[in-house]
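Visitor: I should like to learn how the features of a protein model are read. May we go through them one at a time?

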Amino acid sequence: MQDNQNRISELFNIKYPIIQAGMIWHSGWRLASAVSNCGGLGLIGSASMYPDILRENIQKCKKATNKPFGVNVALLYPNLDEIIQIILEEKVEIVFTSAGNPKLYTEVLQKEGIKVAHVVSSTKFAVKCEDAGVDAIVAEGFEAGGHNGRDETTTLCLIPNVKKHISKPLIAAGGIALGSQMKAAMILGADGVQIGSRFAATTEASSHENWKNKITELNEGDTHLTLKELAPVRLVKNKFFNELEEIYNQGRDKEALNATLGRARAKLGMFEGNMEDGELEIGQVSALIDEILPVEKVFNNLLEEFNDAKIPSI
């Protein structure tokens, strides 16, 4: 990839239009600062942090990089007002919101000079984002890990359709771990990419080593989108997943799903390393990830693969 500006790199003042997703239990200050230092945009994932932990991560990230970084805010989580207040007090320059109404905080943040992007899984909601005045839109296909859209629209179909209906800078997400996939997304109309799963399996990610190793062992078909009755999420098929499937086999009892999910399942799996009873969120592209790498090496690979990817003549 050449070091020339495009709409995403200009908007966020970064070298390359590569955004690291703000993933729950993965995206602390070490990962975010490492990505930013490599010329991308690192995001701190606030959804797995109490407000005081978020403030600590922001402050440590400021010390670890002099490059732009941001915070991802999932709008369905509690303590939202407190999280937004910390972001304002710490003078964070970029916020990515998701899982909620983009109108909720966009104007409040932009009044303080903060750039706002919002994550969607459909063209309909991308148009609503544009109407809400966000600075950029992340369109995420259902290949992605973690919480996802109900419509199961793939990135290959979603990106060109969203591009037809919006004028804001567009970031593609879902199923992107290689530079060739990044180039494909940009050919489809994206201005940049957001990458989660590949950065989950890095030395700087804050998740448990058991989980990072598990990511490198996954094959095609080892993840599945489930829990649409609550909040759709792509999970690894493990003991916990099988318990959910058994409830589905018995008639899709929403209360039983809630009871089985309980609290802190994601923390148990991805942060504490319980590979059987924990909730393990990762994208389909994990089948292409076969080693844990430092962020710098991931970046080098992405850029080399992007530049080497050729479009065959027909």
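Guide: Let us begin with a single glycine in this predicted model. Gly-40 lies in the loop that runs between helix 2 (29-37) and strand 2 (42-45).

Visitor: Is Gly-40 buried or exposed?

Guide: The relative accessible area gives the answer. For Gly-40 this value is 1%, and a residue counts as buried under 20%, so Gly-40 is buried.

Visitor: Which residues does Gly-40 touch?

Guide: Leaving out residues up to four places away in sequence, Gly-40 touches Ile-14, Tyr-16, Ile-18, Val-35, Pro-68 and Phe-299. Phe-96 is 56 residues from Gly-40 along the chain, and the C-alpha atoms of the two are separated by 14 Å.

Visitor: May we apply the same reading to a residue in a strand?

Guide: Gln-194 belongs to strand 9 (residues 192-195). Its relative accessible area is 7%, which is under the 20% limit, so Gln-194 is buried. Setting aside neighbours within four places in sequence, the contacts of Gln-194 include Ile-19, Leu-43, Phe-96, Val-138, Glu-140 and Gly-174.

Visitor: How does one describe two helices that pack together?

Guide: Two packed helices are described by the angle between their axes and by the distance between those axes. Here, the axes of helix 3 (residues 51-64) and helix 4 (residues 80-89) come within 10 Å and cross at roughly 25 degrees. Helix 3 is therefore roughly parallel to helix 4. The crossing is right-handed.

Visitor: Which residues make the contact between helix 3 and helix 4?

Guide: Helix 3 contributes Pro-51, Leu-54, Arg-55 and Ile-58, while helix 4 contributes Glu-82, Ile-83, Ile-86 and Glu-89. Of the residues in this contact, five are nonpolar, three are charged and none is polar.

Visitor: What should one look for along a single helix?

Guide: An α-helix has 3.6 residues a turn, so residues three or four places apart point the same way. In helix 6 (residues 123-132), the buried residues include Thr-123, Ala-126, Cys-129 and Ala-132.

Visitor: What covers the buried residues of helix 6?

Guide: Among the covering elements are helix 5 (106-110), strand 5 (115-120), strand 6 (136-140) and helix 7 (155-165). Just after helix 6, Gly-133 has a positive phi of about 90 degrees.

Visitor: In what order do the strands of the open sheet stand?

Guide: Three strands form this sheet in the order 7-11-10, with antiparallel pairing. Strand 7 and strand 10 are at the edges, each with a single partner strand, so one side of each has no neighbour in the sheet.

Visitor: How many bridges join strand 11 to strand 7 (residues 146-147), and how many join strand 11 to strand 10 (residues 223-226)?

Guide: Strand 7 pairs with strand 11 over two bridges, and strand 10 pairs with strand 11 over four. On strand 11, Val-233 is the bridge partner of His-147, Leu-235 is that of His-224, and Arg-234 stands opposite Leu-225. Six residues lie between the strands in the hairpin of strand 10 and strand 11, where Leu-227 takes a positive phi near 60 degrees.

Visitor: How are the two faces of a strand read?

Guide: In a regular strand the side chains alternate between the two faces of the sheet. In strand 11 (residues 233-236), Val-233 and Leu-235 lie on one side and Arg-234 and Val-236 on the other, and all are buried. Helix 11 (residues 239-249) lies across strand 10 and strand 11, at about 45 degrees to strand 10.

Terms used. Residues numbered from 1 in each chain as written. Predicted model: local features only at pLDDT ≥ 70, side-chain atom pairs only at ≥ 80, totals over all residues. Heavy atoms only, no water. Buried < 20%, exposed > 50% of the residue type's maximum accessible area, 1.4 Å probe, protein only. Pairing = 2+ DSSP bridges. Contact = heavy atoms within 4.5 Å. Axes fitted to C-alpha atoms, helices over the stretch in contact; angles between N-to-C directions. Parallel < 35°, antiparallel > 145°, perpendicular 65-115°, else oblique. Left-handed = near helix turned anticlockwise from the far one by under 90°. Nonpolar A, V, L, I, M, F, W, Y, C, P; charged D, E, K, R; others polar.
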